[in-house]
Amino acid sequence: MKSISLLGSTGSIGTQSLDVCRMHGYSVKCLTANSRVDIIETQVREFKPDLVCIMNEDAAADLKTRIKDTSTKVCCGMEGLIECATYDKADTVLNSVVGMVGLQPTLEAIKARKTIALANKETLVAGGHLVTNLAKENGVSILPVDSEHSAIFQAMQGSPSKKAIKKIILTASGGPFFNKKLDELENVTAADALKHPNWDMGAKITIDSATMMNKGLEFIEAKWLFDMPNDDIEIVVHRESVVHSAIVYQDNSMIAQLGVPDMRIPIQYALTYPEREPSPVKELSLADYGKLTFFEPDYDTFKCINVCRHAIELGGLHPAAANGANEESVRLFLEGKIKFTDIAYLNNEAMLNADDKVNFTLADVLETDKKARQYVIEAVK
């Protein structure tokens, strides 16, 4: 039986991961959250994990009082998150936390030789070769949970060899501002940007979809996950979110993975790989959709994609800086302190300000992240 340590159990990916665990009877050994005590208390009482971590110290103390009638141990902070990521009774770590906080526990889980089901973009965007090299050294599999990377991974299962693949295609929904031009986005609000047409996600990821920064981050992720040249990764806007991504073979045959827009498909595949099991997700009916549409991205309007592509071309710590700046820019936008169109500008400036150091360490990544955030804050002041 699978035994899971679920990092980020109260968010959108986390709660859907528990749907999958519930259906298949997987043992949930660890749960973590930032501060949502009510939700995680309910999860603790249902799944009875050995260990639970709350990042916020006051919230952890509150939870400890609430569940003192259970045998679940409560810990807090990064130390507690790492304890959950390396827990000896869990064989798989599903990392669905949002933000840079996900990098260090992933590295520690790899050292502990856990199978990694990865939904945390920042791990590969900021960590790059630190993560992939460590995984190779420890013989650890990194199984993608993002719908796009899972789709590529699934499509690759039929490939006779890596050299048979010509390129990969990342699909993007286009977010709520598809077909808008830059001047039309000058005064959009957070409420406008949070109206995603297809997916139900947390605020930060939804804003990233609106700016299309998420597709830029996924471009960098794909580079590391699949070891593809930058020029062999293509982005296509697909409004219906039915084709989750595709690969093109050397003979120009294309293999795509399709399904209704429901994250429980890629979550489940990461947990059941290489097997296929019944799913809580409804079957896709192509007739119901009638038609599927595809468009070139508007790089002049959605400049965040360019920021990420430039960052991975420059290499070094530039991707980590782009990611850190974006986390801060999105926070400021959600708080009404900057305009939507400021996000790409701030991300780009902070990214260009980063170090070119190639053989970086975790300390370098964390310092770059801190500096990029501070750059944004100072620029806004």
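The questions and answers below go through a predicted model and ask how its features come by their names.

Q: Why are strand 3 and strand 4 said to pair?
A: Two strands pair if at least two bridges are found between them. Strand 3, residues 51-54, and strand 4, residues 73-76, are joined over 4 bridges in the parallel sense, so the condition of at least two bridges is met. Within this pairing, Leu51 stands opposite Lys73 in strand 4.

Q: What makes the crossover from strand 3 to strand 4 a β-α-β crossover, and which hand does it have?
A: On the way from strand 3 to strand 4 the chain passes through helix 3, residues 57-66, and this β-α-β crossover is right-handed. The name right-handed applies because, with the strands pointing away from the viewer, the path over the helix runs clockwise.

Q: How do you know that Cys84 is in no disulfide?
A: A disulfide needs two cysteine sulfur atoms within 2.5 Å. The nearest cysteine sulfur to that of Cys84 belongs to Cys30 and is 4.4 Å away, so this pair does not meet the cut-off. For Cys304, the nearest cysteine sulfur is that of Cys308, 6.9 Å away, and Cys304 is likewise in no disulfide. By this rule the count for the model comes to 0 disulfides.

Q: Why are Cys84 and Cys304 called buried?
A: The word buried is used for a relative accessible area under 20%. Cys84 has a value of 0% and Cys304 has a value of 2%, so both names are earned under that cut-off.

Q: What makes helix 11 largely enclosed by the rest of the structure?
A: Of its 14 residues, 11 are buried, and therefore helix 11 is described as largely enclosed. Among the buried residues are Met213, Leu217, Phe219, Ile220 and Phe226.

Q: How do you know that the span of helix 11 is close to the expected one?
A: Helix 11, residues 213-226, reaches 20 Å from its first C-alpha to its last, and the length expected at 1.5 Å a residue is 20 Å. After the helix comes Asp227, whose phi is positive, near 50 degrees.

Q: Which residues lie closest to the centre of the largest pocket, and which element gives the largest share of its lining?
A: The largest pocket has a volume of about 990 Å³. Of the 48 residues that line this pocket, the closest to its centre are Ser96, Val97, Val98, Gly202 and Ile205. Elements giving two or more residues to the lining include helix 1, strand 2 and helix 11, while the largest share, 5 residues, comes from helix 10.

Technical notes: Residues numbered from 1 in each chain as written. Predicted model: local features only at pLDDT ≥ 70, side-chain atom pairs only at ≥ 80, totals over all residues. Heavy atoms only, no water. Buried < 20%, exposed > 50% of the residue type's maximum accessible area, 1.4 Å probe, protein only. Expected span 1.5 Å × (residues − 1). 1 Å grid on protein atoms, 1.4 Å probe; cavity = no way out; pocket = protein on both sides within 12 Å on 5 of 7 lines; lining within 4 Å. Points joined across faces, edges and corners; volume = space filled by probe spheres on them.
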